[in-house]
Amino acid sequence: MFQKIQNRMLRVAYIFWACSLPTGVMKRLNARGKNMLKINRLESLKNQTYDAILQAIMDGDFKQGKIYSAQFFADHFKVSRTPVREAMLRLRDDGLIRVIPNRGVEINPLTEQSAKDIFRARIAIEGYCAKYLAKNKENLAGREKIKRM
């Protein structure tokens, strides 16, 4: 029971984290099917691989705490190791994985405290944005920002 609650909480926290990503990234993530990296020639393979791995992490396809190699991701998504390595560096910078030299990467576990931190940050940011938009709804710039939402 506890494991189900924890998995659900992790999924919600990852979704909230993903919602803070730029709109274009979320559209690309939602447009893809699982384990299927559809090549878009207008976008770099590195970005497409990053999006695919990120979506798989958010979907819970990879276990937290398990070590995965770049070759595993390359085979899984049917791409070469180079875009996978570049995507892993971005995921490391985002705090989603931990690079273990000469072994691979580990999906960082999302603890209860880090989930609470994500929720607090979103509450602070969204509260400020709502206050700002409510305060500036009468001027032209405020109306334009509301329309873009």
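These questions and answers walk through some helix packing, salt bridges and aromatic pairs in a predicted model.

Reader: I'm new here, so let's start with helices. At roughly what angle do the axes of helix 4 and helix 5 cross?
Author: Two packed helices are described by the angle between their axes and the distance between the axes. Here helix 4 covers residues 70-77 and helix 5 covers residues 81-94. Their axes come within 9 Å, and the crossing angle is roughly 115°.

Reader: Is that crossing of helix 4 and helix 5 left-handed or right-handed?
Author: Handedness is about which way the near helix is turned from the far one, and clockwise counts as right-handed. For helix 4 and helix 5, the crossing is right-handed.

Reader: Which residues of helix 5 make the contact with helix 4?
Author: On the helix 4 side, look for Ala70, Gln71, Phe73 and Ala74. By class, the contact has 5 nonpolar, 1 polar and 2 charged residues. Over on helix 5, the residues to find are Arg81, Val84, Arg85 and Met88.

Reader: Now for charges. How many salt bridges does the count come to?
Author: To count, a side-chain nitrogen of Lys or Arg has to be within 4 Å of a carboxyl oxygen of Asp or Glu. One of them joins glutamate 106 and arginine 98, at 2.4 Å from N to O. The count comes to 5 salt bridges.

Reader: In that bridge, is glutamate 106 buried or exposed?
Author: Its partner, arginine 98, is partly exposed at 44% relative accessibility. Glutamate 106 has a relative accessible area of 13%. Buried means under 20%, so glutamate 106 is buried.

Reader: What separates arginine 120 and aspartate 117 along helix 6?
Author: The side chains of arginine 120 and aspartate 117 meet in a salt bridge, 3.2 Å from N to O. Aspartate 117 is partly exposed, at 39% relative accessibility. Both residues sit in helix 6 (residues 112-135), and because they are 3 residues apart, the separation is about one helical turn.

Reader: And how far apart are the closest N and O atoms of arginine 122 and glutamate 126?
Author: These two also lie in helix 6, 4 residues apart, or about one turn of the helix. Arginine 122 is buried at 17% relative accessible area, while glutamate 126 is partly exposed at 40%. They form a salt bridge, with the closest N and O atoms 2.2 Å apart.

Reader: On to the rings: how are phenylalanine 62 and phenylalanine 72 arranged as a pair?
Author: The count comes to 7 aromatic pairs, so let's take one of them. The ring centres of phenylalanine 62 and phenylalanine 72 are 5.8 Å apart, with the planes at 75°. Planes over 60 degrees apart get their own label, so this pair is edge-to-face.

Reader: Where in the chain does phenylalanine 62 lie?
Author: Phenylalanine 72 is in helix 4, 10 residues apart from phenylalanine 62. Phenylalanine 62 is buried at 5% relative accessibility, whereas phenylalanine 72 is partly exposed at 32%. As for its place, phenylalanine 62 lies in the loop between helix 3 (45-59) and strand 1 (67-68).

Reader: What is the angle between the planes of phenylalanine 62 and phenylalanine 73?
Author: Phenylalanine 73 lies in helix 4, so the pair ties together parts that are 11 residues apart in sequence. Phenylalanine 73 is buried, at 1% relative accessible area. The pair is edge-to-face, with 5.1 Å centre to centre, and the angle between the planes is 90°.

Reader: Which residues form the aromatic cluster?
Author: Phenylalanine 62 pairs with phenylalanine 73, and both belong to the cluster. The full list is Phe62, Tyr68, Phe72, Phe73 and Phe77.

Conventions: Residues are numbered from 1 along each chain as its sequence is written. This is a predicted model: local features need pLDDT of at least 70, side-chain atom pairs count only at pLDDT 80 or more; totals for chains, interfaces and linings use all residues. Side-chain values use heavy atoms; hydrogens and water are left out. Axes are lines fitted to C-alpha atoms, for helices over the stretch in contact, and angles run from 0 to 180 degrees between N-to-C directions. Contact means heavy atoms within 4.5 Å. Ala, Val, Leu, Ile, Met, Phe, Trp, Tyr, Cys and Pro count as nonpolar, Asp, Glu, Lys and Arg as charged, and the others, Gly among them, as polar. Buried means under 20% relative accessible area, exposed over 50%, partly exposed in between (1.4 Å probe, protein chains only). Rings of Phe, Tyr and Trp (its six-membered ring) pair if their centres lie within 6.5 Å; planes under 30 degrees apart count as stacked, over 60 as edge-to-face and the rest as tilted.
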